Amino acid sequence: MSISPQLQSFGNHLILGISGTTLNDDDKRALNELKPIGVIFFAKNFLDGVPYPVWLEKFKNLIDEVRQYTERDSIFTTLDHEGGRVVRTPLPITRFPHAYLLRSHSYEVAKATALELKSLGINLSWSPVADIFSNPQNPIIGPRAFGITPETASQGVREYYRGLREEGILGSAKHFPGHGDTSTDSHLELPILNLSWEDLRNRELIPFQTLIQDKIPLIMTAHILFPQIDPEVPATLSKIILNDILRKELGFEGVIVSDDLDMKAVSEMFMRSGTVARAFHAGCDLFIVSRNINSSSLERTYKIAEDFSASLNNGSLDISVVEAARERVEKLLQVTPQYPVSTLDKETLVKNAELAISCCL
């Protein structure tokens with residue numbers, strides 16, 4: 001079946017999840033027809049309970065298949081790999097603790113983490129978390145943040161990103177403009193934060209400013225409604241937040257990526273026509289569809305792609321906006337290393353395990 005060029009071009013803005021440890025027919029179809037510019041891996045993509053060489057070889061074959069079906073030599077191979085509870089890989093990949101526990105070890109942990117990610121063929125880590133652990137009742141961020149103040153969080157993210165960068169792994173600050181003060185989980189519902197622009201400037205934005213100054217290449221949006229700033233839509237769809245604040249006020253020139261569109265905070269919104277166009281016009285360049293939360297089917301992915309195509313055809317999505325987004329993404333991909341999957345030596349793994357223990361002492 002042939003698909004329209006507009007539908008296929010959505011792949012230039014898509015980070016897609018894969019169903020399992022091998023490609024099923026749906027995966028093959030989506031990879032071949034939409035040709036996503038990147039993939040996001042989860043625990044379901046790794047064999048567990050088998051020896052390291054076995055699961056590593058299986059994962060290598062999976063990445064090779066992704067390249068084969070997308071017909072892309074260069075892609076973003078991505079992983080949520082923060083440490084603590086956000087680790088997807090089987091042992092012996094090191095279990096580093098939550099960011100909050102790293103303190104003075106942030107830089108060396110990031111370097112060790114990056115070395116391990118490269119061995120998996122990963123080139124983009126969805127980290128560091130630039131949120132602030134400011135609300136003890138926060139069910140989703142908490143100790144994933146580096147600190148309880150803007151200063152401690154900023155210091156942690158700066159050192160962690162420096163470690164990733166020096167070892168050749170792309171970092172992505174998340175979740176803009178700040179998820180640390182929420183009391184609800186955006187995987188399950190749309191959080192509402194009644195903060196003013198001044199509140200953001202004085203606290204939430206400070207770690208992001210630190211990373212922008214250090215030229216972090218990507219920033220991920222938060223699926224959060226800020227009614228004092230934009231009462232109509234969450235940050236992922238807000239031109240005020242992504243364009244006026246992030247682009248113009250903070251001067252970010254890199255790639256803006258949405259958090260997962262399968263999250264319940266926004267999943268229904270993106271089933272309505274015109275939503276993806278609004279996200280582009282707000283400032284999003286890249287979209288994650290994990291196929292990990294609501295359903296592993298491709299129906300939602302194709303519906304978003306079809307909305308993108310229809311919006312281009314009816315003129316509600318400005319082609320110049322799409323071209324500018326594609327240019328930012330392609331410019332980043334051109335300088336993104338493509339790492340071969342390789343086995344880590346025992347000495348490195350032991351050293352990293354010792355480092356993980358030392359963080360908790």
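Just after helix 2 of this predicted model, Lys35 adopts a positive phi of about 50°. This residue makes a handy starting point for a look at the helix itself, which spans residues 25–34. At the opposite end, where helix 2 starts, Asn24 places a side-chain oxygen within 3.0 Å of the backbone nitrogen of Asp26.

Between these two ends, the buried residues of helix 2 are Asp27, Ala30, Leu31, Glu33 and Leu34. Their cover is drawn from several parts of the chain, including helix 1 (5–9) and helix 3 (52–70), together with strand 1 (14–17) and strand 2 (38–41). Helix 9 (299–314) is also among the elements that cover these buried residues.

A second place to visit is the loop that runs between helix 5 (150–166) and strand 5 (170–176), where Glu167 is found. Glu167 has a relative accessible area of 19%, and it therefore counts as buried, the cut-off being under 20%. Leaving aside residues up to four places away in sequence, Glu167 touches Lys111, Ala114, Leu115 and Lys118, as well as Tyr339.

The tour ends at the largest pocket, which holds about 450 Å³ of space. Its lining is made up of 15 residues, and those closest to the pocket centre are Ile216, Pro217, Glu253, Gly254 and Lys331. Helix 10 (residues 319–334) supplies the largest share of this lining, with 5 residues. Sorted by class, the lining of the largest pocket comprises 8 nonpolar, 2 polar and 5 charged residues.

Conventions:
Residues numbered from 1 in each chain as written. Predicted model: local features only at pLDDT ≥ 70, side-chain atom pairs only at ≥ 80, totals over all residues. Heavy atoms only, no water. Buried < 20%, exposed > 50% of the residue type's maximum accessible area, 1.4 Å probe, protein only. Helix = DSSP H or I, 4+ residues; strand = E, 2+ residues; numbered from the N terminus. Contact = heavy atoms within 4.5 Å. Polar contact = N/O pair within 3.5 Å; in protein donor to acceptor, adjacent residues only side chain to side chain. 1 Å grid on protein atoms, 1.4 Å probe; cavity = no way out; pocket = protein on both sides within 12 Å on 5 of 7 lines; lining within 4 Å. Points joined across faces, edges and corners; volume = space filled by probe spheres on them. Nonpolar A, V, L, I, M, F, W, Y, C, P; charged D, E, K, R; others polar.
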